[in-house]
Amino acid sequence: LAGGFYGRFNKAREYFLQSCCPEAALEMHCDFQQWEQALALAQTLAPHQLPDIFLKSALKLENQNEHQSALTHFEQAMRDCELDRVEHLAQCRAGIARTSIRLGDFQRGMQVAIELKDPSVCKDCALILKSMHQNGEAAQLYEEAGAYDKAAELYIIDKKFEAAAPLMSKIDSRQLHKEYAKAKEALRCYPEALAAFERARDSDSMVRLYLDKLNEPQKAFQLVRETPDMPGAERIAEYCRKNGNICGAVEFLLLAKNHEEAYTMAERHDEMETFEQGIGEKGTRDQHMTIAKYYEQRNLLTNAAKHYSLAEEYPMALKLYLKVGEKEIDRAIEVVGKARNDALTHTLIDYLMGDSDNLPKDPNFVYRLHKALGNYMQAAGTALIIAKKDQEEGNYKQAHALLFRTYQDLKRQKLALPQELWRRLMILHSYVIVKRLVKAGDHATAAQMLLRVAKNIHQFPVH
């Protein structure tokens, strides 16, 4: 044994073989991975160890790139091996697959790898084939191993698109889908290219195909509207401009965040409504001021007032709404409600009372103004006045609805309910629910409601 450690293997071997335990010589060669000598001794001393020694020898030879000898040893490692040694046999077959491929016997190597049904073996063999520039064969083994992305990549490189096609639905790699799409586009297979670009989430390329190859601009428009994409929006804007679709050009310039050019085009071609719709209420103060002045110059006062309000230029907005007249009073009330400015509030109240034109406006506007300002008690007082007028005209349900809304507003604000409002609402409510009670067969309660109404019959002058 000492001789083995000092490198005098022949002397150590001689001593072991002359000893009472000659197998120790075999063990020494195995320990020092001297497989050639080990194999020679095992033939006579331990034939049952030959399969294991051949396997270890084969693995060493394979690592040393002696593939022909390694293949021979892998094959010999399978001879006289018990069939129940599944792992040993699998290692041998894997080695046969790898070395066969290295030696150029692709068919045998691939067949053995596939029959093993071991993904790791298929991947190892595929990697070897790829290094040998056998992309098609490597792709087959990657596919067998379930490595669909690597298989598809090699099929695409080899332009074997029919082989790649079934794999694309199993792949998440955007880059691979993009490469496949580009290859299909180069072959003028535009529908397949479009589907691949969609899987790659490359909306700009989808837009380009819709516009330039498939002649389906509306689908491009819809795509960018649903999934805002700046390059795609720029592309559509240019397409619309070239085709004289100024409205579309303005819309998509806005989606591309090119607000300045969109405004210039809208102003030049009188498409401000499109620009206005595009920015909505999210525009900047400067944008709303610019739009307001544009509309004011064209005497479109309602539109101008709207944008003055969005720019928080409330005095100007109120002035224009009142100039338009009674049809815009609700918007004027909204402006005053936002501004919470005493001067603007008094201006609107004066207008509603008729101080400016001697024409008092509908009291309902005063009621709405008080609500907009949060003056619920004043709104309640106005509601009573309006309800009395409605009752005098026989509009009992209308009066009831107004007082009931007022009651709900006061309750939400946790404010005390004026007694007169409560009494009038109770009487009107009694009147309104009588028919429902009769239909429900509750005649006793209906009778009580009618008695209450009869005691206050002066509030129902039309009856």
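**View 1. Gly374 comes just after helix α26.** The phi angle of Gly374 is positive, near 80 degrees. Helix α26 covers residues 363-373; helices (H or I, at least four residues) and strands (E, at least two) are DSSP runs, numbered from the N terminus. The model is predicted: local features need pLDDT of at least 70, side-chain atom pairs count only at pLDDT 80 or more, and totals for chains, interfaces and linings use all residues. Residues are numbered from 1 along each chain as its sequence is written, and side-chain values use heavy atoms, with hydrogens and water left out.

**View 2. Helix α26 has buried residues that other helices help to cover.** The buried residues are Asn364, Phe365, Val366, Tyr367, Leu369, His370 and Leu373. Buried means under 20% relative accessible area, exposed means over 50%, and partly exposed lies in between (1.4 Å probe, protein chains only). The cover includes α24 (329-339), α25, α27 (376-392) and α28 (396-412).

**View 3. Helix α25 packs against helix α26 through the residues listed here.** The axes of α25 (residues 342-353) and α26 come within 10 Å and cross at roughly 165 degrees. Therefore α25 is roughly antiparallel to α26. Axes are lines fitted to C-alpha atoms, for helices over the stretch in contact, and angles run from 0 to 180 degrees between N-to-C directions. Angles under 35 degrees count as roughly parallel, over 145 as roughly antiparallel, 65 to 115 as roughly perpendicular and the rest as oblique. The crossing of α25 and α26 is left-handed, meaning that the near helix is turned anticlockwise from the far one by less than a right angle. On the α25 side, Thr345, Leu348, Ile349, Leu352 and Met353 meet Phe365, Val366, Leu369 and Leu373 of α26; contact means heavy atoms within 4.5 Å. By class, this contact has eight nonpolar, one polar and no charged residues. Ala, Val, Leu, Ile, Met, Phe, Trp, Tyr, Cys and Pro count as nonpolar, Asp, Glu, Lys and Arg as charged, and the others, Gly among them, as polar.

**View 4. Gly232 in helix α17 touches Asp204.** Gly232 lies in α17 (residues 230-242) and is buried, with a relative accessible area of 0%. Not counting residues up to four places away in sequence, Gly232 touches Asp204, Val207 and Val224. The C-alpha atoms of Gly232 and Arg208 are 7.6 Å apart, although 24 residues separate them along the chain. Asp204 belongs to helix α15 (residues 203-212) and is also buried, at 18%. Leaving aside neighbours within four places in sequence, Asp204 is in contact with Asp229, Pro231, Gly232 and Arg235.

**View 5. Ala266 is buried in the model.** Ala266 sits in helix α19 (residues 259-268), and its relative accessibility is 0%. Apart from residues up to four places away in sequence, Ala266 touches Val250, Glu271, Met272 and Phe275. Between the C-alpha atoms of Ala266 and Ala249, 17 residues apart along the chain, the separation is 9.1 Å.

**View 6. Cys122 and Cys247 are in a structure with zero disulfides.** A disulfide is taken as a pair of cysteine sulfur atoms within 2.5 Å. For Cys122, the nearest cysteine sulfur is that of Cys125, 6.8 Å away. For Cys247, the nearest is that of Cys240, 8.7 Å away. Cys122 is buried, at 1% relative accessibility, whereas Cys247 is partly exposed, at 34%.
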